[in-house]
Amino acid sequence: PWCGHCKSLAPTWNSLATELKGKANIAKVDCTTQRAACTANGVKGFPTLILFKDGVEVEKYNGPRGSGDLVKFMKKNGMLAQDVEVNSVPAKKEQPAQAPPAQEEGPSNVVNLGGDNFDQSIQQGAWFVKFYAPWCGHCKKLAPTWNDLATKINLSNKAVKIAKVDCTQHGGVCSGQGVRGYPTIKLFVDGKSEDYRGSRELNGLTSYLEQRNLLVEAAAAAPAGEVPAAAAGEAGEAVKHAQHAEL
């Protein structure tokens, strides 16, 4: 929904769907809420137009986005009869849009997690993870605080690591964790997760970790052969943590 090119295409796409009702199936998928579907179909930029037939991808469309051009493409692929016509709406001339940055700007001590290291990392020790999208306004607002939290904790060998996952780059990870909005913050302790719904201020985040006994030194967090119980969580269940294994 935030994509400028998508907004430019929307009137043409809606008009096409109306005029071709009963003749062709014109559909759309919101990749901010249906990330798994977009990832599975190789969507890497917006908008992406794909022609499917009987559940199989026929071709990705890379041409002009005027209604006449789109109809011509559908006819070429046998999706429309040759005598079908629509009111021609030319493609809008669009200024090249700058793609959102893959990661937040500025130096950071936050650990980057993704498809290649997420599952393995969260199985050992405690991880406080932010799931975000670079274009998200609330994520941008949280970024400096999250970086400060990481500087305070990751550089002082605490029993918890501060991390983040870019959901525009690792949609599969975010879908697997049930992320439905940005930012989403979760605490993982030896693979078990707990949603964080508290304050996004530094004091609130720090207090949450202190309550779970995760701001002690990593070496003291779990004496050999022991796994101490942390403070009870919001749901009343005790969270256990083991000594964190360094990456």
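Over which residues does pLDDT stay under 50 with 20 contacts beyond four places in sequence?

**Figure 1. Confidence in the predicted model.** This is a predicted model, in which local features need pLDDT of at least 70 and side-chain atom pairs count only at pLDDT 80 or more, while totals for chains, interfaces and linings use all residues. Residues are numbered from 1 along each chain as its sequence is written, and side-chain values use heavy atoms, without hydrogens and water. The average pLDDT (the predictor's confidence in each residue, from 0 to 100) is 80, and 79% of the residues score at least 70. Residues 94-105 stay under 50, with 20 contacts (heavy atoms within 4.5 Å) beyond four places in sequence. Residues 221-247 are also below 50, and the model gives this stretch 55 contacts beyond near neighbours in sequence. Where pLDDT is low, the predicted coordinates should not be read in detail.

**Figure 2. The two sides of helix 7 (residues 202-211).** Helices are DSSP runs of H or I, at least four residues, and strands runs of E, at least two, numbered from the N terminus. Leu-205, Thr-206, Tyr-208 and Leu-209 are the buried residues of helix 7 (buried, under 20% relative accessible area; exposed, over 50%; 1.4 Å probe, protein chains only). Seen down the axis, these residues fall within an arc of 155 degrees (directions from the helix axis to the C-beta atoms), so they line one face of the helix. Asn-203 and Glu-210, on the other side, are exposed. The cover over the buried residues includes helix 5 (137-154) and strand 4 (126-132).

**Figure 3. The turn-off after helix 7.** Asn-213, just after helix 7, takes a positive phi of about 60 degrees.
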